[in-house]
Amino acid sequence: MGGPGRCLLVTGPPAVGKTTLIVRVFEMLKASNPNLKIKGFYTREVRQGSQRVGFEVVTLDGRTSPLASTSVSSSESLRWPTVGRYKVDIASFESLALPELQVEKDTDLFIIDEVGKMELFSSSFFPAVLKVLESNTPVLASIPIPKSGRDIPGGTVARLRNHPEANIFTLNPSNRDGATEQVHAQLLNILEQQHQQH
């Protein structure tokens, strides 16, 4: 695994539990270190009954905003990009997510779930992620697994994956419970080292 990279990337097939792991780790950190200043967002499904009808962005302090939906139809939404059957509301995503990625001196950790196809329709999103990485603040992020061996075009996810500070955890149904502990332990380690440097 090399040195303790400050960027922990969680990947794995859809629905394997990447967001669940990230939210759990966030809750564990908050419970053990209530003074940590953690910024960022995660993405969760919006369901109606048993149907998944979209995704929303949730900030770590609980504010939500639509990310994508199967049911939106407005004159505006005709111009929105689509992923499968979902229309992606870039303006809504940006209004909530981008302020969360502003680098501030006293941030201990950024959580970014996920750096994926929907989020990357925002042209401001990846530059904001890179700024976070350059800020030397620890990052816990999720990235999609490459489809048929290829990353999302444009090289953005590949740049994260190949980042010198990146440690990658690939989830599967049998390792995901242990991975939560691993990621949590490693983050505590990184946060401790950051504090010693200050």
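Q: On a 1 Å grid over the protein atoms alone, a cavity is a set of points where a 1.4 Å probe fits but cannot get out; how many cavities of 30 Å³ or more does the structure hold?

A: The structure, which is a predicted model, holds one such cavity. Its volume is about 40 Å³, where a volume is the space filled by probe spheres set on grid points joined across faces, edges and corners. In this model local features need pLDDT of at least 70 and side-chain atom pairs count only at pLDDT 80 or more, while totals for chains, interfaces and linings use all residues. Residues are numbered from 1 along each chain as its sequence is written, and side-chain values use heavy atoms, with hydrogens and water left out.

Q: Which residues line the largest cavity, and what is the lining by class?

A: Arg6, Cys7, Leu133, Thr137, Pro138, Val139, His163 and Glu165 line the largest cavity, a lining residue being one with an atom within 4 Å of a point. By class the lining has four nonpolar, two polar and two charged residues, because Cys, Leu, Pro and Val count as nonpolar, Arg and Glu as charged, and residues outside those two lists as polar.

Q: Why is the protein chain called as compact as a globular protein of that length?

A: The protein chain has five helices and nine strands, these being DSSP runs (H or I, at least four residues, for helices; E, at least two, for strands) numbered from the N terminus. Its radius of gyration, 16 Å, is close to the 16 Å that the globule rule gives for 198 residues, so the chain is as compact as a globular protein of that length; the radius is taken over C-alpha atoms, and the rule is 2.2 Å times the number of residues to the power 0.38.

Q: Why is leucine 60 called buried or exposed?

A: Buried means under 20% relative accessible area, exposed over 50%, and partly exposed in between (1.4 Å probe, protein chains only). Leucine 60 has a relative accessible area of 12%, and it is therefore buried, although it lies in the loop between E3 and E4. It touches Phe26, Ile38, Lys39, Gly40, Phe41, Tyr42 and Ile111, not counting residues up to four places away in sequence, where contact means heavy atoms within 4.5 Å.

Q: How do you know whether serine 65 counts as buried or exposed?

A: Serine 65, which is found in strand E4, has 10% relative accessibility and so counts as buried. Leaving aside neighbours within four places in sequence, serine 65 is in contact with Glu56, Val57, Ser92, Ser95 and Leu96. Ser92 and Leu96 are among the buried residues of helix H2 (residues 90-100), and the buried residues of H2 pack against several elements, including strand E4 (64-69).

Q: What makes alanine 15 exposed or buried, and what does asparagine 136 count as?

A: Alanine 15 has a relative accessible area of 78% and is therefore exposed, whereas asparagine 136, at 41%, counts as partly exposed. Alanine 15 is in the loop between strand E1 (7-11) and helix H1 (18-32), and its phi is near 70°, a positive value in a residue other than glycine. Asparagine 136 is found in the loop between H3 and strand E8 (139-142), with phi near 65°, also positive in a residue other than glycine.

Q: Which peptide bond is cis, and what is its omega?

A: The bond that joins aspartate 113 and glutamate 114 is cis, with omega about 10°; glutamate 114 lies in the loop between E7 and H3.

How values were computed:
On a 1 Å grid over the protein atoms alone, a cavity is a set of points where a 1.4 Å probe fits but cannot get out, and a pocket is an open set with protein on both sides within 12 Å along at least five of seven lines; lining residues have an atom within 4 Å of a point.
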